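Dear colleague,

Please find below the structure that I am handing over to you. My findings follow it, and I would ask you to read them with the structure open.

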Amino acid sequence: MERTMTAAVLTRHGGPDALQVRDDWPVPVPGEGEVLVRVTAAAVNNTDIWTREGAYGLPGQPDALAGWRGPLRFPRVQGGDIAGVVDAVGPGAAREPVGRRVLVDPAIYRDGGPHAPPVGLLGSEADGGFAEHVVVPADQAHDVTASPLTDEQLACLPVAYGTAMGMLERAGLRAGETVLVTGASGGVGLALVQLAAARGAHVVAVTSSAKADAVAEAGAGRVVTRDAGDVAEQVRSVVPSGLDAVADVAGGPELAALLPLVRDDGRWVIAGAVAGPVVSFDLRRLYLHNIALIGSSMHTREHFAKLVDTARAGAISPRVAGRHRLAAVHEAQRRFREGRHVGKIVVLP
């Protein structure tokens, strides 16, 4: 007899009604090299909203309905952030992992190499964790049994903190350097603040005054507020010697204003464009000062392994901004979309 479970299933691109909570969804069966994970906590990301809405567009068709890697196959169980326990393994696999507490790497990689880029994501190109169970590759279910973090905190990590770790690693941020983090109260922004501070960097964060205290608590040594005047002038006043790096999730016109504040041989790494994807800036500020402009999309296997080590050591403390049962996933997405929270909104099966 086929086992069933509760799952949040995307049936098409569209509004909240395109996401249906089903209690008769088949429990997936692990294949060769796979494990079945019982989900204990998941979390909401921008990718969940944009995938539901089909907001990514296609090359030459910016308004086309599509997922982040192109057209999606429906139905699709959403959710890229997954913490849980291994319940079963695929045929031919040792039973050793059964019962282990795991953090799931949600990336679908181009190949098996440690530096391969993601070409897909659980919850988008494959079924994800807004369900009671999910099947994942065995080598992407990382043992975090000994981590002091709660399952809810672990579920905050994969997409946002994985993206942030990829940014900091690609930028080569080192202890003692000064880094500016834009959009510092968002999921990736707050992760950047925590991870940069954990590696001994001096963090200058850009956020709103309403969220400044929470961002400072996360590890920002200095906080610049967008509603207190010109951001570039504020940054210049608090870091007159300049910046070693910028970790940017916003993009938009501030890039041109902030770029002259980056020191020679500095790095600007960007993984988002919520303030605007099309920018204009003086290229001379880039090449005359040997500044590297780095695009960063999610993480690699090597980056995620470093994140797992950080989780095992309890070197960061993800902030849980809210909790919702899986049956209330629409409310979780609505609250996420409002953007009033600081931290991650967790979904519990």
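**Two pockets and one helix**

The second largest pocket has a volume of about 190 Å³. It is lined by 14 residues, and those closest to its centre are Pro28, Ala126, Asp127, Val134 and Val135. Strands β2 (19-26) and β9 (133-137) each supply at least two residues of this lining, and β9 gives the most, with 5 residues. By class, the lining of the second largest pocket has 10 nonpolar, 2 polar and 2 charged residues. Please note that the model is predicted.

The largest pocket has a volume of about 1400 Å³. Its lining has 46 residues, of which Asn46, Trp50, Val249, Gly272 and Val274 lie nearest the centre. The helices α1 (46-53), α3, α4, α7 (254-258) and α10 (329-338) each contribute at least two residues to the lining of the largest pocket. This lining divides into 22 nonpolar, 17 polar and 7 charged residues.

I turn next to helix α9. Its 13 residues (301-313) should span 18 Å at 1.5 Å a residue, and this agrees with its end C-alpha atoms, which are 18 Å apart. Which residues of α9 are buried? They are His303, Phe304, Leu307, Val308, Thr310 and Ala311. These residues lie on the same side of α9, because they cover an arc of only 160° around the axis. The buried residues of α9 pack against several elements, including β6 (101-104), β10 (141-143), α3 (157-171) and α4 (187-198). Just after α9, Gly314 takes a positive phi of about 65°.

Yours sincerely

Terms used:
Residues are numbered from 1 along each chain as its sequence is written. This is a predicted model: local features need pLDDT of at least 70, side-chain atom pairs count only at pLDDT 80 or more; totals for chains, interfaces and linings use all residues. Side-chain values use heavy atoms; hydrogens and water are left out. Helices (H or I, at least four residues) and strands (E, at least two) are DSSP runs, numbered from the N terminus. The expected span of a helix is 1.5 Å times one less than its number of residues. Buried means under 20% relative accessible area, exposed over 50%, partly exposed in between (1.4 Å probe, protein chains only). The arc is that of the directions from the helix axis to the C-beta atoms. Contact means heavy atoms within 4.5 Å. On a 1 Å grid over the protein atoms alone, a cavity is a set of points where a 1.4 Å probe fits but cannot get out, and a pocket is an open set with protein on both sides within 12 Å along at least five of seven lines; lining residues have an atom within 4 Å of a point. Grid points are joined across faces, edges and corners, and a volume is the space filled by probe spheres set on the points. Ala, Val, Leu, Ile, Met, Phe, Trp, Tyr, Cys and Pro count as nonpolar, Asp, Glu, Lys and Arg as charged, and the others, Gly among them, as polar.
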